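Colleague: I'm new to reading structures like this one. Please walk me through it, and start with the terms.

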Amino acid sequence: MTMDIQSQDQLPPVSLTKKARKELIIKQVNIHTRITYSDLVSLINVSEDTIRRDVNELADDGEVVKIKGGAMSIAYHYGHESETYAQNSKAVIAEKTLQLLRDDMIVLIGGGTTIREFIKKIPSTLRATFITVNVLSAVELLDKPMIKTIVIGGQISAYSQMTVSGEVFEYLSNIKADLCIIGTNAIDPANGLTDSDWETIQVKKAMIKAADKIAILAIAEKLNTSMKMKIADLQEVHYLITEIPADSPEIQPYRAKNLTIL
């Protein structure tokens, strides 16, 4: 079963003004990092031509980055880190994630603004090997003197900025990292981790198989949301890290899945 990217009680009115449509597009792009035209059509209940015009205008105004088939958060684009959405929340998540690190670990890591916040907070004394499919994550890791950084090469997806070609799958099939740390565009107790881009999903599936433990980083606004295609069930995940307290009521459905909540 597929679900909208918002829960039913959050759905917008049937008809929105152009200004309201644009505000909703910006909000959804910021929450989910990237969003497809088809997702926006389902959410806002207008034609794809209307959505494309709105996105084109927002891109011209510097509010979003236009990508193939949809839009991406301006903060995810290189050089715009100061505009990171929910930066304080992501900084809290980053601090919590640090407790999973140990010297001499092999860590498989994805990309995204929350991941970048985490990398910035890694102690300069940590001695470890980090393997990534994201060039921007690799650039951030270069500031850590005791970390050996390995970038898995290949074609880079315009949607996720991850390497997505055959070399990635071959490399991942031959390693077993201690820990995999990735973000997600949507997470829901029933539907697990989901996304809208097939290539991105396949790489994340391979990353999950290539590690002993899996940690998912997600701001609270991504909880209880779902996109079109599944990455993994929550039973495949070991840690869920959000900015809200681990004993918050909204976290309880995830705790019921035997996740460790940080």
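Modeller: Helices (H or I, at least four residues) and strands (E, at least two) are DSSP runs, numbered from the N terminus. The expected span of a helix is 1.5 Å times one less than its number of residues. This is a predicted model, where local features need pLDDT of at least 70, side-chain atom pairs count only at pLDDT 80 or more, and totals for chains, interfaces and linings use all residues. Residues are numbered from 1 along each chain as its sequence is written, and side-chain values use heavy atoms, with hydrogens and water left out.

Colleague: Okay, how far does helix 8 reach from its first C-alpha to its last?

Modeller: Helix 8 has 12 residues, and at 1.5 Å a residue you'd expect 16 Å. The model comes close to that, with a reach of 17 Å.

Colleague: Which residues of helix 8 are buried?

Modeller: Buried means under 20% relative accessible area, exposed is over 50%, and partly exposed is in between (1.4 Å probe, protein chains only). The buried residues of helix 8 pack against strand 4 (106–109), helix 7, strand 7, strand 9, strand 10 and strand 11. Here's the list: Thr200, Ile201, Gln202, Val203, Lys204, Ala206, Met207 and Ile208.

Colleague: Which element gives the largest share of the largest nonpolar core?

Modeller: A nonpolar core is a set of buried Ala, Val, Leu, Ile, Met, Phe, Trp, Tyr and Cys residues joined through side-chain atoms within 4.5 Å. The largest one here has 34 residues, and Ile187, Leu193 and Met207 have the most contacts inside it. Helix 7 (166–172), strand 7 (177–183), helix 8 (198–209), strand 10 and strand 11 each supply at least two residues of this core. The largest share, 5 residues, comes from helix 8.

Colleague: What does Met207 touch, leaving aside its neighbours within four places in sequence?

Modeller: Contact means heavy atoms within 4.5 Å. Met207 is one of the residues with the most contacts inside the largest core. Its partners are Leu108, Ile109, Gly110, Val133, Met162, Leu172, Cys180 and Ile182.

Colleague: How many residues does the other core have?

Modeller: This one lies apart from the largest core, and among its members are Ile93, Ile122, Ala128 and Tyr239. Its count is 25 residues.

Colleague: Back to the strands. In strand 9, what is the bridge partner of Ile187?

Modeller: Two strands pair if DSSP finds at least two bridges between them. Strand 8 (residues 186–188) and strand 9 (residues 192–195) are antiparallel and share 3 bridges, and they form a hairpin with 3 residues between them. Opposite Ile187 you'll find Leu193.

Colleague: And which residue of strand 11 stands opposite Asp195?

Modeller: Strand 9 also runs antiparallel to strand 11, and 3 bridges join them. The residue opposite Asp195 is Met229.

Colleague: What about strand 10: in strand 12, what is the bridge partner of Ile216?

Modeller: Strand 10 is mostly covered, with 5 of its 7 residues buried. It pairs in the parallel sense with strand 7 over 6 bridges, where Ile181 is matched with Ala215. It is also parallel to strand 12 (residues 239–241), over 3 bridges. There, Ile216 is partnered by Leu240.

Colleague: Now for charges. How many salt bridges are there?

Modeller: Side chains of opposite charge can pair when their charged atoms come close. A salt bridge here is a side-chain nitrogen of Lys or Arg within 4 Å of a carboxyl oxygen of Asp or Glu. By that rule the count is 9.

Colleague: Which residue does Asp54 meet in a salt bridge?

Modeller: The N to O distance of this bridge is 2.6 Å, and it joins Asp54 to Arg21. The two are 33 residues apart, with Asp54 in helix 3 (residues 48–60) and Arg21 in helix 1 (residues 18–32). Asp54 counts as buried because its relative accessibility is 1%. At 12%, buried is also the word for its partner, Arg21.

Colleague: How far apart in sequence are the parts that Glu221 and Lys27 tie together?

Modeller: Their side chains form a salt bridge at 3.1 Å, N to O. Glu221 lies in the loop between strand 10 (211–217) and strand 11 (229–232), and Lys27 in helix 1, so the pair ties together parts separated in sequence by 194 residues.

Colleague: Last one: is Glu117 buried or exposed?

Modeller: Glu117 forms a salt bridge with Lys120 (3.8 Å, N to O), and both sit in helix 5 (residues 113–121), 3 residues apart, about one turn of the helix. Lys120 has a relative accessible area of 38%, so it's partly exposed. Glu117 has 8%, so it counts as buried.
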